[in-house]
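Open your viewer and keep the selection box handy. Could you walk me through this structure, telling me what to select at each stop and what I will find there?

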Amino acid sequence: MADGAPGKIPAPHIEYAQLSPTLIVLGAAVVGIVIEAFVPRRHRYYSQLLLTVVALAAAFAAVIGLAAGGFGSAKAHIAAMGALAVDGPALFLQGTILLVSLVAVFTFAERRLDPAAHGKHVDSFAAQPAAVPGGAAEQAAVKAGFTTTEVFPILLFAVGGMLVFPAANDLLTLFIALEVFSLPLYILCALARRQRLLSQEAAVKYFLLGAFSSAFLLFGVALLYGYAGTVTYAGIAEVISDGAKQIDPALAGTMGNDALLLIGAALVLMGLLFKVGAVPFHMWTPDVYQGAPTPVTGFMAAATKVAAFGALLRLLYVVLPGLRWDWQPVMWGVAIITMLGGAIVAITQTDIKRLLAYSSIAHAGFILAGVIATSEEGISSVLFYLAAYSFVTLGAFAVVTLVRDAGGEATQLSKWAGLGRRSPLVAAVFAVFLLAFAGIPLTSGFAGKFAVFKAAAQSGAGWLVVVGVLSSAIAAFFYIRVIVLMFFQEPKADGPTVAVPSPLTTTAIAIGVAVTLVLGLAPQYFLDLAGQAGVFVR
């Protein structure tokens, strides 16, 4: 067909170099599937671990290269024919997700915590996930010493979706990225080696509630398209601010209809608030955190929050700044009930994983205070808080994997009594993470909370800061209660033991402690870095 002929389909223009972090991760995930198909079982664990670590490190190096090349500032632009943004917040969040995932891989690969099964080391994941729990097929798989190495490519697919999510620049890309990282997480939640029925129940709950949230988001996308005649962020923002310049005849009856705009925006925000675990969309969080394998819980609690808050920031700051007076009061209410609800309900918890789940809900409220600030300081404070919080969370869940009894992990709080006398080092490390969660000075948690509360106060949300400080005081009670339990109570005779981990989990915990202390003692460089990355391209 001749050039310029009416039926010619233009070739897409894709900036592969600028999308390289995501392409590296997804490419490695595909290679991981091929390894599962063709590499002998005895070699898969090391092959998958090496591939995953190299892919995540290479993707992080690509992010650093893009940032050094100016794509986070002067060269920030919209890539992939308008589908993805390459700018400061996207690169900062992608770098954080990749580092968090790299540390999480070490906890996934841990094989020394459970006693060896039939002479072979085992990990946290079911020997044969497709087998009926307790059935003959599962018993045969355990006896054969099988390990579920496909968790590594599944993890990479989840990471790939998370990298796209905060960079998405149109609503369809946002929805596709949501599904790409959600579906692998549903699978990973069901793969626990111990307490398999609880794990599968958690996965089903997460899947069903996640499907509802995806449906809300997709319905919201449809309504926003009906309102604006486009799914691109810039196009919707333009119609909101200026009205439709060129009305599409097919949509002339609905374009500019404020009811479609308000309902559509509310539904999309509901889908995103579900992912960050904000009240009242938090119902899945405690059950899923408790039932999922603990390495998966740590990865999910850290990385999903980073990706979801990144997408929420971009939606509110790029698409809906013209609706600020409509969404700010609603987000105020969500932030307040999230901070207070997470902190108050956490006091009643008797399981350490459920306690950390409600803690994560309260932290979602604290981060929302920075989102509501609607300023560059608000963006940079949220970026810093996400980076700080994610490593504290990973470290805390890595410590939880070490405290074990005959049934596996000992997550009942009563069993942690006297842990400081049985294993002073492990208890001290966990205390550091709890103090960071509580926002005690000289930890990353204090620097993060100070940054988001300062940004909120400067934007006129003083009462929100007051509620945040009160919630932090309530939350400090249950964190310090765990520290008192560990150090000032007598250990029980039949109490749990602390397993000696391999260098993998030791490295993950050490990185968590190091980041917590560095961001607490010398946060200014990282606050400046987040400040430089705090401008969205439009």
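Begin with the enclosed spaces: this predicted model has five cavities of 30 Å³ or more. The largest of these cavities has a volume of about 100 Å³. To find that cavity, select Gln-18, Leu-19, Thr-22, Val-86 and Gln-94, which are the closest to its centre among the 14 residues that line it. Now colour helix 1 (20-38), strand 2 (84-86), helix 3 (88-108) and helix 5 (151-164), since each of these elements gives two or more residues to the lining. What classes of residue make up the lining of the largest cavity? Eleven are nonpolar, three are polar and none is charged.

**The largest pocket**

Next, go to the largest pocket, where about 630 Å³ of space lies. Select Ile-64, Phe-92, Thr-96, Phe-526 and Leu-529: of the 22 lining residues, these are the closest to the centre of the pocket. Show helix 2 (41-68), helix 3, helix 14 (376-400), helix 19 (503-521) and helix 20 (524-532) as well, as each supplies at least two residues of the lining. Which helix gives the largest share of the lining of this pocket? It is helix 3, with six residues. By class, the pocket lining divides into 16 nonpolar and six polar residues, with no charged ones.

**Salt bridges**

For charged side chains, turn to the salt bridges, of which the structure holds six. Select Glu-36 and Arg-44 as your starting pair; their closest N and O atoms are 3.7 Å apart. Are these two partners buried or exposed? Both Glu-36 and Arg-44 are buried.

Move on to Lys-205 and Glu-201, a salt bridge with its closest N and O atoms 3.0 Å apart. Both residues lie in helix 7 (residues 196-228), four residues apart, which is about one turn of the helix. An α-helix has 3.6 residues a turn, so residues three or four places apart point the same way. Switch on the surface and you will find Lys-205 partly exposed, at 29% relative accessibility, and Glu-201 partly exposed too, at 40%.

Now select Glu-490 and Arg-421, whose side chains meet in a salt bridge at 2.6 Å, N to O. This pair links distant parts of the chain, 69 residues apart: Glu-490 is in the loop between helix 18 (462-488) and strand 5 (497-498), and Arg-421 is in helix 15 (residues 419-422). Glu-490 has 57% relative accessibility, so it counts as exposed, while Arg-421, at 46%, counts as partly exposed. Before leaving the salt bridges, select Glu-201, Lys-205, Asp-287 and Arg-354 together: salt bridges that share partners join these four into one network.

**Helix 6 and the loop after it**

Select helix 6 (residues 171-189) and check its length: at 1.5 Å a residue, its 19 residues should span 27 Å, and the end C-alpha atoms are 27 Å apart, which agrees. Why describe helix 6 as largely enclosed by the rest of the structure? Because 14 of its 19 residues are buried. Add Asp-170 to the view, which caps the N-terminal end of helix 6 with a side-chain oxygen 3.1 Å from the backbone nitrogen of Leu-172.

Then follow the chain to Arg-193, in the loop between helix 6 and helix 7. Arg-193 has 14% relative accessibility, which is under the 20% cut-off, so this residue counts as buried. What does the side chain of Arg-193 reach? Draw a distance to the backbone oxygen of Phe-125, and it should read 3.1 Å.

**Helices 16 and 17**

For the last stops, select helix 16 (residues 424-438), whose 15 residues reach 21 Å from the first C-alpha to the last, close to the 21 Å expected at 1.5 Å a residue. Its buried residues include Val-426, Phe-430, Phe-433, Leu-434 and Phe-437. Just after helix 16 comes Gly-439, with a positive phi near 80 degrees.

Finish at Phe-453, in helix 17 (residues 444-458). Phe-453 is buried, with a relative accessible area of 10%. Select Ala-373 too: the two residues are 80 apart in sequence, and their C-alpha atoms are 9.0 Å apart in space.

Conventions
Residues are numbered from 1 along each chain as its sequence is written. This is a predicted model: local features need pLDDT of at least 70, side-chain atom pairs count only at pLDDT 80 or more; totals for chains, interfaces and linings use all residues. Side-chain values use heavy atoms; hydrogens and water are left out. On a 1 Å grid over the protein atoms alone, a cavity is a set of points where a 1.4 Å probe fits but cannot get out, and a pocket is an open set with protein on both sides within 12 Å along at least five of seven lines; lining residues have an atom within 4 Å of a point. Grid points are joined across faces, edges and corners, and a volume is the space filled by probe spheres set on the points. Ala, Val, Leu, Ile, Met, Phe, Trp, Tyr, Cys and Pro count as nonpolar, Asp, Glu, Lys and Arg as charged, and the others, Gly among them, as polar. Buried means under 20% relative accessible area, exposed over 50%, partly exposed in between (1.4 Å probe, protein chains only). The expected span of a helix is 1.5 Å times one less than its number of residues. A polar contact is a pair of N or O atoms within 3.5 Å; within protein, one must be able to donate a hydrogen and the other to accept it, and residues adjacent in sequence count only if both atoms are side-chain atoms.
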